[in-house]
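Dear colleague,

I am handing over the structure we spoke of, with the sequence alongside. Please look through it before you read my notes.

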Amino acid sequence: KAMSMQMEGSEDDGRVPVTVLTGFLGSGKTTLLNHILTAEHGKKIAVIENEFGDVGIDDALLAKNTKVQASEEIVEMMNGCVCCTVRQDLVVVLNKLSARVEAKTLNLDAIVIETTGLADPAPVAQTFFVEPKVRKFARLDGIITLVDAKHIEQHLDEVKPEGAENEAVEQVAFADRIVLNKTDLVSDADLERVEKRVRSINGFAPILRSQRSQVSVDQVLGIKGFDLTRTLEMDPEFLNTDGEHEHDKTVSSVSLTIPGEVHMLLANDWIGEILKSKGNDIYRMKGVLAISGSPHKFVYQGVHMLFDGAFDEPWGIDEKRSNKLVFIGKNLDKDDLEASFAACLDTPENAAIIQEIERIEHIERQQNNLLGAAQRDDVVALRSILQAGVNPSYGNQVGQTALHIACLWGNARAAEVLVAAGADVNAKNMMNSETPLHMLAARFKGGTKAATRLECAKILVQAGANLSATNAGGLKPCDCVFDDQTQGAADLLKLLTPPGV
């Protein structure tokens, strides 16, 4: 231990500084790494990327981004857990980089190791003190832990099987700097509570708040943050290479590589079902999809029930279009995931399903167009959509029909077309159980729209609108006419008052 501490004593001794990026699954490590690689800092950085599954998703993008800083790709991939099963591979990779630097075929300013989200950073850090050749070549500059502000508490609280570590706790405890990420997904009160919880585990590491892992490069590289003395005080067995390291065996990964192209609508439905039915058990999912009809790769990632995806770089001319998917979590059934995803492929076997879902998508699009045309008072578009067979009484997610919208805006021409097509004049929305007349009356004001709103009311009354219908507050349409200072309001009130009242 004394020898290791002495070796670490001189931080500007010519050794290559190493930054370890750690953090639980989905915390934003790869996003931060890509930010580092594309930032303007002039450093030549070697990246050691560690994937828990068998299929690499991030390696191609990382390889591309390292070329922003250097003329060659300096990316090494390791599949497995860098803190245990492939730890010796890390030593091999570092020794290989050392040999290239010594032979003057490679100039390096820094090395960044991105661990898998299930890695304990302590054994990784240990490598730089107990391996003589590694210790001579590189020094540990700092452990940067990314924390997902929205999900970290449930991972810190997770009860692990006897003997298994809680990796989320270890990652926070060993951090030299903590990036509290995804702060935009939580409230200020939640953020304060999470930060307090993190500080209770590690009161030494500075905390940087971020969104989408956007922090200054000099806040995570070259920080000279690792303190061996403090680490040994926290964990006296830190340099003990015989210590056991055990993961939660209920957590596994599923990696799929499936050739072909998927239909976007089927993929959307599949992802939605996965998030709904398995979101609690899926710590992390990410992948690259080949979408039929698109020349670009669709890259996605998800954490529990949160999902984000977008089209990225184009497929290469000679690149085989296929789909790569990785899931990490509990209760994962590879055969079930593979079979359900195969149902998304754009193949003759799925043609009937694709035709039906495209028909439904077209109808939904036309229904939304109906609402838009009612708002614009576009009677030509309304007639065209209605002639195509769209239900004139279609309501959106809150029950607003095209007639509600026409009355809201005082669009008498649209109201006339909709009523003639059979729109339900007594339909109630789900916001306040209002009929179209309720909405019209509550928003009646003198001015340019007063005449057309009054005309809308006449059309609905003539069509048999129920003047005694009440909303959630027990009010009839006539009770909602609050502007009684104008002649138009008086006429409307008279029109909407039920007989005998």
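Below are my notes on burial, a surface patch and a set of paired strands.

This is a predicted model, in which local features need pLDDT of at least 70 and side-chain atom pairs count only at pLDDT 80 or more, while totals for chains, interfaces and linings use all residues. Residues are numbered from 1 along each chain as its sequence is written, and side-chain values use heavy atoms, with hydrogens and water left out.

Helix 5 (residues 121-130) is largely enclosed by the rest of the structure, because nine of its 10 residues are buried; among them are Phe-128 and Phe-129. Here buried means under 20% relative accessible area, exposed over 50%, and partly exposed in between (1.4 Å probe, protein chains only), and helices (H or I, at least four residues) and strands (E, at least two) are DSSP runs, numbered from the N terminus.

Phe-444, in the loop between helix 17 (436-442) and helix 18 (450-462), is also buried, with a relative accessible area of 3%. Its C-alpha atom is separated by 7.9 Å from that of Phe-482, 38 residues apart along the chain. By contrast, Val-398, in the loop between helix 14 (379-387) and helix 15 (402-409), counts as partly exposed at 34% relative accessibility.

Strand 10 (residues 296-303) pairs in the antiparallel sense with strand 9 (residues 282-290) over six bridges and with strand 11 (residues 306-314) over seven, where pairing requires that DSSP finds at least two bridges between two strands. Ala-290 stands opposite Lys-297, and Tyr-300 has Gly-309 as its bridge partner.

Best regards
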